[in-house]
Amino acid sequence: MWQALIGLAVTVVVVRVIYRFRSGRFDSLTRLDGKTVIVTGSSADEIIKTSGNNNVEVQQLDTSDLSSVRRFADGILKSEKRLDILVNNAGIAGHHKREITKDGLEFTMATNYYGHFLLTNLLLGLLKKSAPSRIINVSSLMHTFCKKLDPEDLNFEKSSYLSISAYNQSKLCNILFTLELSNKLKGTGVTTNSLHPGVVATEINAKAAGIIPVIVDILFQLMGKTCDMGAQTTIYLAVSDEVEDVSGKYFVDCKEVECSELARHRGMAKKLWVASELDVKLQEDEMHY
Ligand SMILES: NC(=O)c1ccc[n+]([C@@H]2O[C@H](COP(=O)([O-])OP(=O)(O)OC[C@H]3O[C@@H](n4cnc5c(N)ncnc54)[C@H](OP(=O)(O)O)[C@@H]3O)[C@@H](O)[C@H]2O)c1
């Protein structure tokens, strides 16, 4: 018994050390003075505390609710003269049953994908006006487990719902959205890229119900990257000169890597865009591409 426990503890420590050691790191002296950055799903208090930057504002946004997204975007367009970096980061995992939002969208898809699709479109005019500017979509390696996508069934009306399938699909959509958006933004000075942050010891699994998220959460807390490490690729894409002109790509550990074949499918990216415009009821005066 003791031997098994010691063996397990050693395995955890070894995996943790190796995983963290291999994790990409981005060091830069670049400052963002005078620039405006939006990060969805972030904690303003913690940013102020750790960075010492008091020029941080928190505004209410529920990405699962399209009217909240429109309200938030309206407020930004009224209050901000520029927008240099948009980080679509907010997300949930492990929503155990299929739930439909008041907009008729599946809840995980609405939170992780549709809300950011709409938000980005609404802010695109301001991003273009502020070019060079960047849009960063936080996806996940889990997108690789989504092997097929039906743009006619993005909300699991025909196919059966599993929380993990909804999460994987939403993360695939983040990458396909990036691909088609980069195509639409060619020549505008606005770039867009997506990323997998790694396995990070955050709160994402702790918020989900059920025994599997509890086990996954324990593993993430024991072996995952710290939040600081998990933020490196996002910061790299937001700040680094190396990716100034790079658009439509997928990154892990501050390096461009290949995403799944389906996530690179241009035809699927276009179909997803068209279906998403209909699903979020994007109006003509909200189209800025
Ligand atoms: N952690 C990982 O290992 C991992 C791996 C791959 C990808 N990711 C991705 O990384 C991103 C950040 O996740 P995390 O791991 O940092 O999880 P987290 O600690 O749970 O943070 C997620 C953030 O999103 C916010 N959020 C959730 N639902 C929202 C909604 N409807 N409207 C607005 N904000 C909402 C949360 O706000 P509240 O705190 O108020 O709920 C929280 O600030 C997600 O896109 C996730 O898919 C994470």
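**Salt bridges and a sheet, explained**

Student: In this predicted model, K102 and D65 are said to form a salt bridge, with their closest N and O atoms 2.9 Å apart. What makes that a salt bridge?

Tutor: The cut-off is a Lys or Arg side-chain nitrogen within 4 Å of an Asp or Glu carboxyl oxygen. Here the closest N and O atoms are 2.9 Å apart, so K102 and D65 make the cut.

Student: What does the pair tie together?

Tutor: K102 sits in the loop between β2 and α4, and D65 in the loop between α2 and α3, so the bridge ties parts 37 residues apart in sequence.

Student: Why is K102 called exposed?

Tutor: Exposed means over 50% relative accessible area. K102 has 64%, so exposed is the right word. Buried means under 20%, and D65 has 15%, so D65 counts as buried.

Student: And how do you know whether K270 and E180 meet in a salt bridge?

Tutor: Use the 4 Å limit again: their N to O distance is 3.4 Å, so that pair qualifies too. K270 lies in helix α9 and E180 in helix α5, so parts 90 residues apart in sequence are tied together. E180 and K270 also belong to a salt-bridge network with K184.

Student: Switching to the sheet: why do β1 and β6 count as edges?

Tutor: The order is β1-β2-β3-β4-β5-β6 in an open sheet. β1 and β6 each have a single partner strand, so one side of each has no neighbour in the sheet.

Student: What makes β5 and β6 a pair?

Tutor: You need at least two bridges. β5 and β6 have 3, in the antiparallel sense, so they pair.

Definitions and conventions:
Residues are numbered from 1 along each chain as its sequence is written. This is a predicted model: local features need pLDDT of at least 70, side-chain atom pairs count only at pLDDT 80 or more; totals for chains, interfaces and linings use all residues. Side-chain values use heavy atoms; hydrogens and water are left out. Helices (H or I, at least four residues) and strands (E, at least two) are DSSP runs, numbered from the N terminus. Buried means under 20% relative accessible area, exposed over 50%, partly exposed in between (1.4 Å probe, protein chains only).
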